[in-house]
Amino acid sequence: MRFCFIIEERYRNQPMPIVIADQLRQWGHDVDLLEPRETITYLSELPQQKYDAYVLKTSTDGPGLSILEAAEAVGLPTINNSRAIRLVRDKAVAAAFAHEHGLPVPRTYFVANSKLLVQVPETAYPIVVKPCNGSYCRDIYRLNSPADLTTLKIAESNEQFFLAQHYVENTGFDIKLYVTGEEVRAVVKKSPLHSTVKEGLIPVTPALKKLAVRVGRLFGLDIFGLDVVETPDGLILLDINDFPSFSMIPRAVATV
């Protein structure tokens, strides 16, 4: 089979997805790497490239998604599909979609700029503020009351919007679920809100697997990750991301 991996420079020397491409080559498949910021893409001949699938591993605001959507538009398979990626990469869209389909997510407000945080009801506190297009756990803040707004300093860009989500009391650690199809692995990972935890693999409970599989089916994802916490009322879904790093997962390459 022939695959085209759409990546960015930041991923060129990182394990994921390069190790996946290397493994596929070892198994006898052809894999090309396409870096949209380094080379042009001849859209008029996409169907003639004869790829069995395009695979996307780029940042939230990178150009790779446009190429993936172009491949889909001419009938080529993609992993993940662009609609699923769009649904999860904008956290506002993901939160609304998850709420509509009954997934366990926190109460969420869309905030176009940080000055509007004063409009978040006091009853929603404590809240977690994070950018709608955030990644790698950057720029995440917990505010315990409206009084904390006076000391909040957020480095904003003109294109940055935010979510304010009710902080739900939990066990004090984040669980990262790594999913390929319906195979689920779980690890405890540090986060900006829970940094003093021991990271490592944990067993996948029936509840964790049920939530992961349900998210994959609803969003249409093949390879993805979830951030969840355990609360007295059950699991709460905090974030969804397409094609995660699969860090700390044994035999992740073969699984993917």
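## Phe219 and the core around α5

Leaving out neighbours within four places in sequence, Phe219 touches Arg83, Ala84, Leu87, Val88, Ala94, Phe97, Ala98, Leu103 and Ile240. Keep in mind that this is a predicted model.

Phe219 belongs to the largest nonpolar core, a set of 26 residues, and is listed with Leu177, Val215, Leu226, Leu237 and Ile240 as having the most contacts inside it. The elements below each supply at least two residues of that core.

| Element | Residues |
|---|---|
| α3 | 82-89 |
| α4 | 91-100 |
| β9 | 174-180 |
| β10 | 183-189 |
| α5 | 206-219 |
| β12 | 223-231 |
| β13 | 234-242 |

Which element gives the largest share of this core? That's α5, with six residues. There is also a second, separate core of 18 residues, with Phe3, Ile7, Ile20 and Ile249 among them. As a rule, nonpolar side chains in soluble globular proteins tend to be buried together.

Now for α5 itself. Its buried residues are Leu208, Leu211, Ala212, Val213, Val215, Gly216 and Phe219, and their cover includes α3, α4, β9, β10, β12 and β13. The helix length checks out too: α5 has 14 residues, so at 1.5 Å a residue it should span 20 Å, and its end C-alpha atoms are indeed 20 Å apart. Right after α5 comes Gly220, with a positive phi near 80°.

On the aromatic side, the structure has four aromatic pairs. There's a charge-over-ring arrangement as well: the charged end of Arg142 sits over the ring of Tyr167, 4.0 Å from the ring's centre.

Conventions: Residues numbered from 1 in each chain as written. Predicted model: local features only at pLDDT ≥ 70, side-chain atom pairs only at ≥ 80, totals over all residues. Heavy atoms only, no water. Phe/Tyr/Trp six-rings, centres within 6.5 Å; stacked < 30°, edge-to-face > 60°. Lys NZ or Arg CZ within 6 Å of the ring centre and 35° of its normal. Core = buried A, V, L, I, M, F, W, Y, C linked by side-chain atoms within 4.5 Å. Buried < 20%, exposed > 50% of the residue type's maximum accessible area, 1.4 Å probe, protein only. Helix = DSSP H or I, 4+ residues; strand = E, 2+ residues; numbered from the N terminus. Contact = heavy atoms within 4.5 Å. Expected span 1.5 Å × (residues − 1).
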